[in-house]
Amino acid sequence: MVDVSTLLVNVIAAFAGGAFGAALGALPAFIFTGFMVIAGETAAYVDGEFDAITGLIAFGPMFGPHVSFAGGAAAAAYAAKRGYMDTGFDFHEAKNILYAHGTKPDVLAVGGAFGIFGYLVFFAFAELAMPWDPIAMTVAVSAVAHRVVFGYPLIGPAKEGLLNMEPFEAEERRVMTDHATDGGTTEPLGRFVVEPWLPHQYRWSGVLMIGLVVGLVGAYIGLATGSAFLAFGISAASLLFLNCGVEKIPVTHHISLPASTAALAVFASGAEPTLGLVPLLVGAAFGIFGALAGEVIQRVFYAHSDTHFDPPAASIAVSTFVIAILTILGVLPQSVWVPTLGL
């Protein structure tokens, strides 16, 4: 039975959380989530009990990525549509999730509205125990929603193939070059034909390698601490360096979270996880899967369109769906924290 008063409180909190994400910018808000996860999981490890910081704050109705990050991404889509953003961002301005919108009332209101939307979608997924990470799936659903609401293409033009990144490598532009008439050099105008989510993290060999490395890291941390979320928090917090402009920082939370979860899923429910070769390799395999899934998703849903569609969130949704299905089929002893339709 749904407690209406609690639901109302959480909806109000979600409005504030979505507006908060718009004010700080989607990526800074998510980094904030990462540090809260580290704090929550560390406290839980010391106390030996679940800590409310992770469940109610970091992943809760105010600061959970389905609220603050998704609200911030929607706010960027709205602000770009209104012409508020002129930052010189390399791609479409609506993809600039680093940008803080400050105190602009209408932008914050949009963030708040999508914060409420995100909380309600998450609530429905959680209540139905749908077999995936409800937060990650909600972030993906919210991205689709803001594209529809603000009139952006769902996928965008991909004349040379959805998975083809070669036009970016060739620096092909969507607008023809402007031929110089004064004998000077020709300057390209317009956006790239293809805009990869991370220009330093899209080649298959590199994606595979970072998937293996962070998969092992995530699995080890999960097995050593019993926490499925600590490695995720570390990955999210590491994006502070990316936000500050350090080049080539990889994005890895869609690798570390499924790796930690899958490694722990090898053990029967209630059993004490221990470091071992099999769970470590299972975690590494899911880390690789998460990395590759994220890359496929970015090529389909990010690279050709105009707004931010979060590849890590969609990848986590896919990876956790696989973990849930393997648990339902009896291949894995448990799904750890991933819902399994109540089965």
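# Close-up views of a predicted model

**View 1. Helices α4 and α5 meet through a set of named residues.** On the α4 side of this contact are Gly 71, Ala 74, Ala 75, Tyr 78 and Ala 79, and they meet Asp 106, Val 107, Val 110, Gly 111, Phe 114 and Gly 115 of α5. Sorted by class, the contact of α4 with α5 has seven nonpolar, three polar and one charged residues. Please keep in mind, here and in the views below, that this is a predicted model. The axes of α4 and α5 come within 8 Å and cross at roughly 140 degrees. That angle makes α4 oblique to α5. The crossing of these two helices is right-handed.

**View 2. Helix α4 also packs against α6.** Here Phe 69, Ala 70, Ala 73, Ala 74, Ala 77, Tyr 78 and Lys 81 of α4 meet Val 139, Ser 142, His 146 and Phe 150 of α6. By class, this contact of α4 with α6 has eight nonpolar, two polar and one charged residues. How do the two helix axes lie, and at what angle do they cross? The axes of α4 and α6 come within 9 Å, with a crossing of roughly 20 degrees. That makes α4 roughly parallel to α6. As α4 passes α6, the crossing is right-handed. If you move between this view and the previous one, look for Ala 74 and Tyr 78: they belong to the α4 side of the contact with α5, and they are listed in the contact with α6 too.

**View 3. Gly 83 sits in the loop between α4 and α5.** Following the chain on from α4, you reach the loop that leads to α5, and Gly 83 lies there. Is Gly 83 buried or exposed? At 54% relative accessibility, Gly 83 counts as exposed. For a sense of scale, try locating Arg 203 as well: Gly 83 and Arg 203 are 120 residues apart in sequence and 33 Å apart in space, C-alpha to C-alpha.

**View 4. Helices α11 and α12 cross obliquely.** Helix α11 covers residues 277-302 and helix α12 covers residues 311-328; their axes come within 8 Å and cross at roughly 135 degrees. That makes α11 oblique to α12. The crossing in which α11 passes α12 is right-handed. From α11, the contact is made by Phe 286, Phe 289, Gly 290, Ala 293, Gly 294, Ile 297 and Gln 298, and from α12 by Pro 311, Ala 314, Ser 315, Val 318, Ser 319, Val 322, Ile 323 and Leu 326. Which classes of residue do you find where α11 and α12 touch? The contact has ten nonpolar, five polar and no charged residues.

**View 5. Phe 20 and Phe 63 form an aromatic pair.** A search of the whole structure finds 21 aromatic pairs. In the one shown here, the ring centres of Phe 20 and Phe 63 are 5.1 Å apart and the planes are at 65 degrees, so the pair is edge-to-face. Phe 20 lies in helix α1 (residues 4-24) and Phe 63 in the loop between α3 (52-58) and α4 (68-81), so the pair ties together parts that are 43 residues apart in sequence. Phe 20 is partly exposed, with a relative accessible area of 24%, whereas Phe 63 is buried at 16%.

**View 6. Six aromatic residues gather in one cluster.** Phe 30, Phe 59, Phe 69, Phe 229, Phe 232 and Trp 337 make up this aromatic cluster. One of its members, Phe 59, leads to Thr 54, a residue of helix α3. Leaving aside its neighbours within four places in sequence, Thr 54 is in contact with Val 37, Gly 40, Glu 41 and Phe 59. Thr 54 is buried, with a relative accessible area of 2%.

**View 7. Ala 129 and Val 336 have positive phi values.** Most residues other than glycine have a negative phi, which is a good reason to pause at these two. Ala 129 has a phi near 55 degrees and is found in the loop between α5 (105-127) and α6 (134-150). At 19% relative accessibility, Ala 129 counts as buried. Val 336, in the segment after α12, has a phi near 65 degrees. Val 336 counts as partly exposed, at 32% relative accessibility.

Terms used
Residues numbered from 1 in each chain as written. Predicted model: local features only at pLDDT ≥ 70, side-chain atom pairs only at ≥ 80, totals over all residues. Heavy atoms only, no water. Axes fitted to C-alpha atoms, helices over the stretch in contact; angles between N-to-C directions. Helix = DSSP H or I, 4+ residues; strand = E, 2+ residues; numbered from the N terminus. Parallel < 35°, antiparallel > 145°, perpendicular 65-115°, else oblique. Left-handed = near helix turned anticlockwise from the far one by under 90°. Contact = heavy atoms within 4.5 Å. Nonpolar A, V, L, I, M, F, W, Y, C, P; charged D, E, K, R; others polar. Phe/Tyr/Trp six-rings, centres within 6.5 Å; stacked < 30°, edge-to-face > 60°. Buried < 20%, exposed > 50% of the residue type's maximum accessible area, 1.4 Å probe, protein only.
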